[in-house]
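Hi,

Here is the structure I promised to pass on. Have a look at it first, and then read on for what turned up when I went through it.

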Amino acid sequence: KQVSSTELTRHYLDRIAASGHNAFLHVNPELSLAQAAAADQRIAEGTAGPLTGVPIAHKDIFVTRDWRTTAGSKMLANYVSPFDATVVDRFNAAGMVTLGKVNCDEFAMGSANENSAFGPVQNPWDALAVPGGSSGGSAAAIAARLAPAATATDTGGSIRQPAAFCGVSGIKPTYGRVSRFGMIAFASSLDQGGPMAQTAEDCALLLNEMVGHDERDSTSLTFEQGNQPEDFTRDLDKPLDGLRIGVPSEYFGEGLAADVESAVRAALEQFVALGAVLVDISLPKTALSIPTYYIIAPAEASSNLSRFDGVRYGHRASEYKDLQDMYKKTRAEGFGREVQRRILVGTYVLCHGYYDAYYVQAQKIRRLIADDFQAAFADKCDVIMGPVAPTVAWDAGSKTNDPVANYLADIFTLSTSLAGLPGMSIPCGFGQGEKNSKRPVGLQIIGNYFAEAKLLNIAHQYQ
Ligand code: GLN
């Protein structure tokens, strides 16, 4: 007997209510069940699509009319949006059932989900480990079987790295393919939404609904620019004979943990067994991706976050002398330490006198980083593979007060984001945690622009 959406939704809502991972921030069981009932109706009428009735969790950075949206910030603790994000709209139209909103680093700034104003998220594989970030709630919800699917966003790795740390699959599409409308902005030239799920096939089905031009997002790629709707499941079963996999030396050098390296190399060998060939390549500007990203992202963030001034949105200080004092107190109270740090860095690199030395320079290096990839894709390889992160998930608390340690761990995900390329993370075994625990390892698959279907094909063949 086929399980109904109502039964399925109840099952997940019960699991969410009983779980202690702090993955979910806001639920509204009544509303979820009403959506499920509507989906069951569509199924009975024969008007259902492939995702009708399937539950999904939304990262709390996509605005929703019927659930609060906090972006993990005290600034938006009680914020309710008057509209739904385009991504949410599309999943609603497909008949998916919203289970609730999931935790994330404040304004998506972080790599461990320890920057959420609503507390950290536990890694379901190992309670001592972080789940990764910033989409830690999305990844943990899937790993703990609290949701079969989730939305996430990736500015510098926030889909791929938490997926890797929690042993699930996630894909960051080509920049501009998924609408940013209603996705609370962090760094607009980098932010990109995408799906997380257990498998590549599930990610493909979800991406089918997410991708497409949106006139409400000025950087959304148009149909003419190549952003056509596609069936991302179409190539899943294609054999991989002759696939040329670029293996960048910079992704296997110093700093890569031995357990991660051996899991990733074992995965590469499996692709060879599936007919692929490995090609040594070089992405020489990889190391520069960290300083480049940590200039550009804070610069854009400082501008985007200026809207949180206590006048138009969210938190406002309760006592103040005058307007300036209100702004200051509101922002000092509403933003957490990492967000404040980014605003300070961002305003510094943008200010007159430093702009050319930092921001303009970073933009030039950004182009060189993108050129590295184009040189590799031009004649050497079809896709690039490597680790998602240099280590498995680290211990909760071990890097909380060390921002630079967090930034350095982003080394393998930032350049893909700076170049605007699609990247995927799939589980490829386990490394070593504390006290003999096992912590998941993620394999990263990077493709050229619009190569999402190829990445999903490769991921599906591996699984
Ligand atoms: N860890 C990176 C940062 O803190 C990336 C975050 C993201 O992709 N949203 O900025």
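How many of the residues of strand S6 (residues 192-197) are buried? The count is 6 of 6, so to speak a strand that is mostly covered. Before you go further, please keep in mind that this is a predicted model.

**Strand S6 and its partners**

Side chains in a regular strand alternate between the two faces of the sheet. In S6, Gln192, Gly194 and Met196 point one way, while Gly193, Pro195 and Ala197 point the other way. Both sets are buried.

S6 has neighbours to look at as well. Strand S4 (residues 149-154) runs antiparallel to S6, and 6 bridges join the two. Within that pairing, Ala149 stands opposite Ala197. Strand S5 (residues 169-172) also pairs with S6 in the antiparallel sense, here over 2 bridges. Ala197 turns up again in this pairing, as the bridge partner of Ser169.

**Strand S9 and its partners**

The next one to pull up is S9 (residues 383-387). All 5 of its 5 residues are buried, so the strand is largely enclosed by the rest of the structure. Strand S7 (residues 244-248) pairs with S9 in the parallel sense over 2 bridges, and Gly246 is the residue that stands opposite Ile384 there. Strand S11 (residues 438-446) pairs with S9 too, but in the antiparallel sense and over 4 bridges. In that pairing, Pro387 has Leu443 in S11 as its bridge partner.

Val247 is worth a click while you are in this region. This residue lies in S7 and has a relative accessible area of 8%, under the 20% cut-off, so Val247 counts as buried. Val247 and Ile384 are 137 residues apart in sequence, yet their C-alpha atoms are 6.0 Å apart in space.

**The ligand**

This is probably the part you will want to open next. There are 15 residues around the ligand, and the closest are Ala108, Thr155, Gly156, Ser158 and Tyr293. The polar distances to check are these:

- A polar backbone atom of Ala108 is 2.8 Å from a nitrogen atom of the ligand.
- An N or O atom in the side chain of Ser111 is 2.8 Å from a nitrogen atom of the ligand.
- A polar side-chain atom of Ser134 is 3.4 Å from a nitrogen atom of the ligand.

On its own the ligand has 290 Å² of accessible area, and the protein covers 99% of that. The space that the ligand takes up is the largest cavity.

Ser134 has a backbone detail to go with its ligand contact. The peptide bond leading from Gly133 to Ser134 is cis, with omega near 10 degrees. Ser134 itself is placed in the loop between strand S3 (97-102) and helix H4 (136-143).

**Backbone angles**

Which residues other than glycine have a positive phi? Arg145 is one of them, with phi near 55 degrees. Arg145 sits in the loop between H4 and S4. Its relative accessible area is 48%, so Arg145 is partly exposed. Phe450 is another non-glycine residue with a positive phi, of about 70 degrees. Phe450 is found in the loop between S11 and helix H14 (452-462). With a relative accessible area of 29%, Phe450 is partly exposed as well.

Gly212 has a positive phi too, near 150 degrees, and follows helix H6.

**Helix H6 and a loop residue**

Which residues of helix H6 (residues 200-210) are buried? They are Ala200, Cys203, Ala204, Leu206, Leu207 and Met210. As a reminder, an α-helix has 3.6 residues a turn, so residues three or four places apart point the same way.

Last, there is Ser306, in the loop between helix H8 (289-304) and helix H9 (323-334). Its relative accessible area of 42% makes Ser306 partly exposed. Ser306 and Gly420 are 114 residues apart along the chain, and 25 Å separates their C-alpha atoms.

Over to you, and shout if anything is unclear.

Cheers

Key:
Residues are numbered from 1 along each chain as its sequence is written. This is a predicted model: local features need pLDDT of at least 70, side-chain atom pairs count only at pLDDT 80 or more; totals for chains, interfaces and linings use all residues. Side-chain values use heavy atoms; hydrogens and water are left out. Buried means under 20% relative accessible area, exposed over 50%, partly exposed in between (1.4 Å probe, protein chains only). Two strands pair if DSSP finds at least two bridges between them. A residue is near a molecule or strand if one of its heavy atoms lies within 4 Å of it. A polar contact is a pair of N or O atoms within 3.5 Å; within protein, one must be able to donate a hydrogen and the other to accept it, and residues adjacent in sequence count only if both atoms are side-chain atoms. Accessible areas come from the Shrake-Rupley method with a 1.4 Å probe; for residues, only the protein chains shown count as cover. On a 1 Å grid over the protein atoms alone, a cavity is a set of points where a 1.4 Å probe fits but cannot get out, and a pocket is an open set with protein on both sides within 12 Å along at least five of seven lines; lining residues have an atom within 4 Å of a point. A molecule sits in a cavity or pocket if more than half of its atoms lie within 2 Å of its grid points.
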